[in-house]
Amino acid sequence: MVFDLLDKLFTRGQPNSRQQACDRLKMVLAYDRTADISSETMENMRREILQVVKRYFELQDDELEVGLERSGSATALIANIPIRRVRPGDDTGAFLATATKLEEKGLSEESSKIKEE
Amino acid sequence: MSTSGKVIVITSGKGGVGKTTTSANLGMALASMGKKVVLVDADFGLRNLDLLLGLENRVVYTILDALSENESDRCRLDQALIKDKRQPNLALLPAAQTRDKSAITPEQMKSVTAELTESYDFVLVDCPAGIEQGFKNAIAGASEAIVVTTPEVSAVRDADRVIGLMEASGLKHPRLILNRLRPHMVEENNMMSVEDVLDILAIKLLGVVPEDEQVIITTNKGEPMVLSATPTQAAQAFLNIARRMLGEDVPFLSLQVPDPGFMGKLKALFRRR
């Protein structure tokens with residue numbers, strides 16, 4: 001009884017074992033759940049991402065690094081894609097063209113104002 | 001006789017968490033509720049379901065004999081089935097005691113379980129521990145899965161692993177039985193609670209079974225605890241799970257620690273950190 005009490009007194013303030021179990025499990029499962037992906041699957045995904053990104057951006061080189069990064073109980077998919085410029089494709093091209101037109105219109109209005117003055 | 005029953009695999013990943021005890025009790029409970037049940041022992045080389053059911057002396061043929069390629073060695077599937085004398089709705093298909101776990105293939109398991117669904121409402125497959133060939137065989141014919149775990153880190157980790165593997169092979173939405181819970185340890189923050197485990201595994205709860213010494217006693221005798229005229233809390237938990245499997249909405253047992261009294265409370269006060 002006395003020893004019990006002393007033991008409790010000295011261990012006071014430490015997280016309880018139930019919480020420790022939960023925390024440790026969450027950590028280890030974050031790793032377990034993503035450990036199964038094969039390098040082949042990763043490579044397939046890398047190629048697919050690259051295809052999509054290339055539709056919108058011109059890339060530095062056709063390289064794309066994809067990897068899993070783990071910190072604590074969270075796992076993130078990190079992709080590093082150095083880009084050169086936006087590709088003047090269909091959608092982006094149309095958007096850029098409209099923007100230019102508006103700009104020109106604004107300019108001409110301004111210049112006409114100056115003339116009136 | 002064309003019932004077209006369900007094939008449900010009972011699995012856990014880790015050994016010793018109570019898979020076989022759960023299988024035996026759920027099989028017996030469902031049978032006592034009027035369903036035709038066959039228990040399939042898929043634990044090749046380490047069969048134990050016969051022993052838990054007290055049917056070990058009646059094993060003549062095993063699942064392997066029913067699948068024999070050699071026609072003169074082969075028996076009919078119903079010859080390999082052992083009918084329980086206490087509960088005529090229950091039958092057991094024993095595993096072979098051969099060491100070779102790859103003695104049967106997933107395809108063979110599929111055809112055996114499919115054939116059994118023609119005459120049984122429930123085909124419960126008792127899965128071996130591990131995630132190797134025996135596991136793959138056991139889940140092959142199943143359309144539903146029950147995962148048994150205990151509130152211990154290793155058991156929960158392994159449960160998570162088998163949940164992932166089953167989902168990858170198309171066996172989705174397994175349900176959880178949390179076995180051997182000790183309410184007083186949860187109360188003292190020394191054991192994970194039902195909510196903790198559910199939060200971590202993120203699957204649906206089928207039932208919670210408290211730790212019960214009666215399991216050892218009934219196993220010694222070869223009589224599943226649900227047979228008892230005065231069921232303990234654990235036996236009641238298995239009966240409730242069986243009713244949930246039949247689609248009934250049964251509330252979960254409230255596993256509260258009995259009131260410790262004045263001295264108990266005083267002790268608990270000192271124990272608190």
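Chain B of this predicted model has 273 residues, and a compact globule of that length would have a radius of gyration near 19 Å; chain B has 19 Å, so the two agree. Along its principal axes, the C-alpha trace of chain B spans about 75 × 40 × 35 Å. Its secondary structure consists of twelve helices and eight strands. Buried residues account for 45% of the chain. Of the contacts in chain B between residues at least 6 apart in sequence, 76% join residues at least 24 apart.

The interior can be followed from its nonpolar core. The largest such core has 83 residues, and the members that touch the most others are V38(B), L124(B), V125(B) and F238(B). Helix 11 of chain B, residues 233-245, supplies the largest share of this core, with eight residues. L124(B) shows what surrounds one of those central members: leaving aside residues up to four places away in sequence, L124(B) touches I8(B), I10(B), S23(B), L26(B), G27(B), V37(B), L39(B) and V40(B).

Helix 11 of chain B deserves a separate look. This helix has 13 residues and reaches 18 Å from its first C-alpha to its last, close to the 18 Å expected at 1.5 Å a residue. Its buried residues are A234(B), A235(B), A237(B), F238(B), L239(B), N240(B), I241(B), A242(B) and M245(B). F238(B) is thus listed both here and with the core members that touch the most others. The buried residues of helix 11 pack against two helices of chain B, helix 1 (19-32) and helix 10 (214-221), and against two strands, strand 7 (175-181) and strand 8 (204-210). Just after helix 11, G247(B) takes a positive phi of about 95 degrees.

Another position in chain B is K136(B), which lies in helix 6, residues 133-140. K136(B) has 17 other C-beta atoms within 10 Å; a residue needs 20 or more to be buried and 12 or fewer to be exposed, so K136(B) is partly exposed. K136(B) and T105(B) are 31 residues apart along the chain, and their C-alpha atoms are separated by 8.6 Å.

Chain A comes next. Chain A contains four helices and four strands. From the N terminus on, its elements run α-α-α-β-β-β-β-α. Buried residues make up 3% of the 117 residues in chain A. Among contacts in chain A with a separation of 6 or more, residues 24 or more positions apart account for 54%.

Note on methods:
Residues numbered from 1 in each chain as written. Chains lettered and ligands numbered in written order. Predicted model: local features only at pLDDT ≥ 70, side-chain atom pairs only at ≥ 80, totals over all residues. Core = buried A, V, L, I, M, F, W, Y, C linked by C-beta atoms within 7 Å. Contact = placed C-beta atoms within 7 Å. Expected span 1.5 Å × (residues − 1). Rg over C-alpha atoms; globule rule 2.2 N^0.38 Å.
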